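Visitor: Can you walk me through how this one packs? Let's start with a pair of helices.

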Amino acid sequence: PDEQLDLDDGRWEDIHVVTGALKLFLRELPEPLIPFSHFDKFIAAIKIQDPSLRGRCIRDLVLSLPPAHHDTMKILFRHLCRVVEHKEENRMSVQSVAIVFGPTLLRPASEEASMAMHMVFQNQVVEHILNHYGYIFPD
């Protein structure tokens, strides 16, 4: 509960420990950052063929998220965009970040048989939000 975290502790120097902790935190939330109620809507939106319609649809879905989800997503994706800016050093391209965070941020309420099929779309949603951050989260 009121656990004090010492970020000067040597074990936090390994970036994999920090990213692992972030992913674990996000995965263990009672509901994902993109709520279960929005899962099917985001999957349907990413499948829209027309790029401008798909873009508007995803932006509107992000805007429709509860404020805590929307605001956390804005901060997280701003950070992930900065990670991607350094892809030459960290080897984390938009696709890599999407593969790592897609299933954590966006998952169905029940893990059913079509999980492998969903994963492609989960990653595409994260990729889309990264690629269109400025449009989805105008400052």
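**Helix packing and the core**

Guide: α4 and α6 cross right-handed (near helix turned clockwise from the far one by less than a right angle). This is a predicted model, where local features need pLDDT of at least 70, side-chain atom pairs count only at pLDDT 80 or more, and totals for chains, interfaces and linings use all residues. Numbering runs from 1 along each chain as its sequence is written, and side-chain values use heavy atoms, without hydrogens or water.

Visitor: What's the angle between α4 and α6, and how far apart are their axes?

Guide: About 155°, with the axes 10 Å apart. So α4 and α6 run roughly antiparallel (over 145 degrees).

Visitor: Which residues make that contact?

Guide: α4 brings Leu76, Phe77, Leu80, Val83 and Val84, while α6 brings Val94, Val97, Phe101 and Leu105 (contact: heavy atoms within 4.5 Å). By class, that's 9 nonpolar, no polar and no charged residues.

Visitor: New topic: how many residues are in the largest nonpolar core?

Guide: That core has 33 residues (buried, under 20% relative accessible area, and joined through side-chain atoms within 4.5 Å). Phe42, Val62, Met73, Phe77 and Ile129 have the most contacts inside it.

Visitor: And which helices feed it?

Guide: α2 (36-46), α3 (51-63), α4 (67-85), α6 (94-105), α7 (115-131) and α8 (133-136) each supply at least two residues. α4 gives the most, with 7 residues.

Visitor: What does Met73 touch, leaving aside neighbours within four places in sequence?

Guide: Met73 is in contact with Leu33, Ile34, Val62, Leu65, Ile129 and Phe137.

Key: Buried means under 20% relative accessible area, exposed over 50%, partly exposed in between (1.4 Å probe, protein chains only). Helices (H or I, at least four residues) and strands (E, at least two) are DSSP runs, numbered from the N terminus. Axes are lines fitted to C-alpha atoms, for helices over the stretch in contact, and angles run from 0 to 180 degrees between N-to-C directions. Angles under 35 degrees count as roughly parallel, over 145 as roughly antiparallel, 65 to 115 as roughly perpendicular and the rest as oblique. Ala, Val, Leu, Ile, Met, Phe, Trp, Tyr, Cys and Pro count as nonpolar, Asp, Glu, Lys and Arg as charged, and the others, Gly among them, as polar.
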